[in-house]
Amino acid sequence: MRDDLTKINNTRYSLEKIFPDAQDFLPLLGTDYVEYYVGNAKQAAHYYKTALGFQSLAYAGLETGVTDRTSYVVVQDKIRLVFTTPMPGEDNEIFDHIQKHGDGVKVVALWVDDAKSAWEETTNRGAESYFEPRTEKDANGEVVKSGIKIYGDTVHIFVERKNYNGTFMPGFEKWESHYNPAPVGLKYIDHMVANVGWNEMNIWEKFYNETMGFANLITFDDKDISTQFTALMSKVMTNGNGRIKFPINEPAEGKKKSQIEEYLDFYDGPGIQHVAVATDDIVSTVSAMKERGVEFLYVPGTYYDTVGDRVGEIAEDMAILKENGILVDRDDEGYLLQIFTKPLTDRPTLFFEIIQRKGAQSFGKGNFKALFESIEAEQERRGTL
Ligand code: FE2
């Protein structure tokens with residue numbers, strides 16, 4: 001199978017060049033929100049406000065007439081996160097999700113102009129429905145939503161909000177809080193990465209290609225992403241306008257257990273591995289997050305002995321990047337700066353990436369080795385390598 005993997009390198013990563021005949025039957029305006037199912041939404045929201053600089057936005061629960069769940073919505077620039085906890089009651093799927101997966105991402109919601117068409121186009125092409133198009137109304141207008149299932153227990157919800165001007169969505173009220181820690185400069189979701197099981201990467205590539213109209217932007221095989229001990233493979237899928245990028249990872253054979261297998265064990269199946277968020281000033285974003293208690297992956301000091309030769313001239317002071325453990329990589333179009341948090345959950349599953357693009361449209365291939373050695377050191381400490 002590895003021989004079948006095609007590589008698209010040295011090309012400008014634009015869909016038009018890779019897929020000149022691409023038809024956008026599923027126009028996506030952007031990521032609408034990301035919803036986590038968690039054990040304690042109130043405390044999760046507080047953590048994301050305190051540590052990651054999100055702001056209070058909206059709330060749904062008993063006070064707003066919602067009885068089966070409590071949700072807190074937080075926002076930072078274009079990023080909206082929803083934290084949801086189940087309330088007592090029979091047949092509440094949220095309980096099962098948390099029991100199986102721990103805290104994790106349930107919904108990757110996509111902003112569309114027509115949620116009914118999005119559902120029809122994708123289910124006609126083989127997607128399994130999560131729920132049919134439905135309209136929710138309140139005094140501020142209406143939102144049309146529909147949903148399809150993706151890998152594991154994860155789903156996409158299509159959100160059409162052109163006739164809505166409320167805070168978030170019907171069922172939610174504005175969440176006013178006296179506690180409003182400053183933002184840390186997170187702007188928008190750059191990409192969201194899925195981990196899927198052995199030999200499943202191509203299945204999900206096919207799904208995103210045929211069912212969602214995405215194209216394969218780039219493929220990394222196990223030679224690109226391997227260390228002495230562990231390996232993985234990845235295909236980056238992107239939608240027609242390039243606003244949505246979903247890399248899909250699967251484990252590859254190595255001498256020891258790869259981080260993808262560790263994830264699959266602890267998440268008990270496929271799911272979202274990391275959310276990469278963009279900033280315009282990674283040094284200030286990362287130092288603010290560190291001050292507020294966020295832990296980042298450790299990068300060996302020796303990384304900085306050779307990085308200058310690899311990436312050439314950059315505007316930032318390398319000493320400051322080293323002090324903060326920020327990684328640098330370059331491609332044909334420019335360079336990028338990136339750093340990864342340690343898992344934000346008790347299970348070694350979900351983490352965040354902070355990324356600042358200075359022209360580069362790629363994903364930091366030159367950093368994979370240093371990064372994965374760092375992850376392996378963490379696995380070693382957890383006894384899961
Ligand atoms: Fe990433």
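Is Glu-93 buried, exposed or partly exposed? Glu-93 is partly exposed, with a relative accessible area of 33%; buried means under 20%, exposed over 50% and partly exposed in between (1.4 Å probe, protein chains only). What you're looking at is a predicted model, where local features need pLDDT of at least 70, side-chain atom pairs count only at pLDDT 80 or more, and totals for chains, interfaces and linings use all residues. Residues are numbered from 1 along each chain as its sequence is written, and side-chain values use heavy atoms, with hydrogens and water left out.

**View 1. Glu-93 and a patch of negative charge on the surface.** Glu-93 sits in helix α3, residues 93–101 (helices are DSSP runs of H or I with at least four residues, strands are E runs of at least two, numbered from the N terminus). Its partners in the patch are Glu-90, Asp-91, Asp-96 and Asp-153. Patch members have over 30% relative accessible area and no salt bridge (Lys or Arg side-chain nitrogen within 4 Å of an Asp or Glu carboxyl oxygen), with like charges joined within 9 Å.

**View 2. The iron ion and its protein donors.** His-191 (NE2), His-274 (NE2) and Glu-353 (OE) lie 2.0 to 2.2 Å from the iron ion; donors are N, O and S atoms within 2.8 Å of the metal (3.2 Å for Na, K and Ca). His-191 belongs to strand β10 (186–195) and His-274 to strand β14 (271–279), so the pair ties together parts 83 residues apart in sequence. Both histidines are buried.

**View 3. Gly-383, just out in the open.** Gly-383 is in the segment after α10 (368–382) and counts as exposed at 64% relative accessibility. Its C-alpha is 20 Å from that of Val-299, 84 residues away along the chain.

How values were computed:
Patches are made of residues with over 30% relative accessible area and no salt bridge: like charges are joined within 9 Å, nonpolar side chains (Val, Leu, Ile, Met, Phe, Trp, Tyr) within 5 Å. Accessible areas come from the Shrake-Rupley method with a 1.4 Å probe; for residues, only the protein chains shown count as cover. Lys and Arg count as positive and Asp and Glu as negative; His and the chain ends are not counted. The place of a charge is taken as NZ of Lys, CZ of Arg, CG of Asp or CD of Glu.
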